[in-house]
Amino acid sequence: MTREPVYSLAIGVGRTVFAALRVRQTARGTQHIPDTGGAVIAMTHFGYLEFALVECATWMHNKRRIRFMAKQSVFEKPVVGWFMRSMRHIPVNMKAGADAFAAAATALRGGELIGVFPEAGVSASFTIRDFKTGAVRLAAQAEVPVIPVAVWGGHRLLTKNRKITLKERLNIPVHFSFGEPIHVSPDEDPAVATAKLKSTMEALLSELQSSYPEDGTGKWWQPRVLGGTAPTPEEAAAADAERDRRREAARAARK
């Protein structure tokens, strides 16, 4: 394996931070992470640290690095952007993603693991939203499998629309479930393959939630449908739309 000092540093920092917070990580199904060759790693997205948590779990299993697809704006930040480029993550222009798609497909054919969030954004309701078809289209074009990954508990460390105290972040159980590889043929309908991926990830998530060691009844981090106080999917969607409206108005005012 080629040495990548910046990526190794990032993993070391992440593991140190998670250890300092005493995050209790439990991973099942890691045998499904390929030891060699390309694969699309498709993850649930309830918080801002899933990428780091999944990478740490992957690294602990077989020392493989994941190249994540992330918004172009992240790469434009002075320090963070340099780290992202150094770790060979892939910038995505949300209004014109063809270049990012092509770069990811090339990386997959070259044997890389590419991390994607099929929901294309954090779900503040902590339920799985509708998926974009990009993950399965990437896998089909590069002729690699999709590895579905559900993460539960990571949103309790850092998530959207919630200020979390340091005390609340201590001793959090974070559970992962890596599902069996899903193979998508080039002639398969992307919508059908995406529906299969979503249902698989919903099943993995349900298993994690049912076996989670802490009762979420009445808690902010538990979906409303499971007895928590998180926003409903409709409330979360309305909040997202309002936030996007304010951002667009702010951009227009700066012009």
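**Briefing: a partly exposed loop proline, a buried strand and the salt bridges**

At 31% relative accessibility, P231 counts as partly exposed, because that value falls between the limit of under 20% for buried residues and that of over 50% for exposed ones. The structure is a predicted model, and the points below move from the loop that holds P231 to strand 6, whose residues 146-152 are mostly covered, and then to the nonpolar core and the salt bridges.

**The loop around P231**

- P231 sits in the loop that runs between helix 8 (190-211) and helix 9 (233-254).
- W221 lies 10 residues from P231 along the chain, and the C-alpha atoms of these two residues are separated by 9.6 Å.
- Once neighbours within four places in sequence are set aside, the contacts of P231 are with A124, S125, R224 and A236.

**Strand 6 and its partners**

- In strand 6 (residues 146-152), 7 of the 7 residues are buried, and this holds on both faces: V146, P148, A150 and W152 point one way, while I147, V149 and V151 point the other way.
- Strand 2 (residues 39-43) runs parallel to strand 6 and is joined to it by 4 bridges; within this pairing, I147 of strand 6 is the bridge partner of I41.
- Strand 7 (residues 173-178) pairs with strand 6 in the antiparallel sense, likewise over 4 bridges, and here S177 of strand 7 is the bridge partner of A150.

**The nonpolar core**

- In soluble globular proteins, nonpolar side chains tend to be buried together.
- In this model the largest nonpolar core has 69 residues, and those with the most contacts inside it are V40, V54, M69, L138 and L197.
- L138, one of these residues, touches V40, M69, F101, A104, A105, L108 and V116 when residues up to four places away in sequence are not counted.

**Salt bridges**

- A search of the whole structure yields 15 salt bridges, among them one in which the side chains of R156 and E214 meet at 2.9 Å, N to O.
- That pair links distant parts of the chain, since R156 belongs to the loop between strand 6 and helix 7 (166-169) and E214 to the loop between helix 8 and helix 9, 58 residues apart.
- The two partners differ in their surroundings: R156 is buried, with a relative accessible area of 9%, whereas E214 is partly exposed, with a relative accessible area of 28%.
- D240 and K160 form a further salt bridge, in which the closest N and O atoms are 3.1 Å apart.
- Because D240 lies in helix 9 and K160 in the loop between strand 6 and helix 7, this pair ties together parts that are 80 residues apart in sequence.
- D240 is buried, with a relative accessible area of 10%, and K160, at 10% relative accessibility, counts as buried too.
- Within helix 9, E242 and R246 lie 4 residues apart, about one turn of the helix, and their side chains meet in a salt bridge at 3.7 Å, N to O.
- Both of these residues count as partly exposed, E242 at 32% relative accessibility and R246 at 46%.
- Elsewhere, E4, R65, R67, R88 and E112 are linked in a network of salt bridges.

Definitions and conventions. Residues are numbered from 1 along each chain as its sequence is written. This is a predicted model: local features need pLDDT of at least 70, side-chain atom pairs count only at pLDDT 80 or more; totals for chains, interfaces and linings use all residues. Side-chain values use heavy atoms; hydrogens and water are left out. Buried means under 20% relative accessible area, exposed over 50%, partly exposed in between (1.4 Å probe, protein chains only). Helices (H or I, at least four residues) and strands (E, at least two) are DSSP runs, numbered from the N terminus. Two strands pair if DSSP finds at least two bridges between them. Contact means heavy atoms within 4.5 Å. A nonpolar core is a set of buried Ala, Val, Leu, Ile, Met, Phe, Trp, Tyr and Cys residues joined through side-chain atoms within 4.5 Å. A salt bridge is a side-chain nitrogen of Lys or Arg within 4 Å of a carboxyl oxygen of Asp or Glu.
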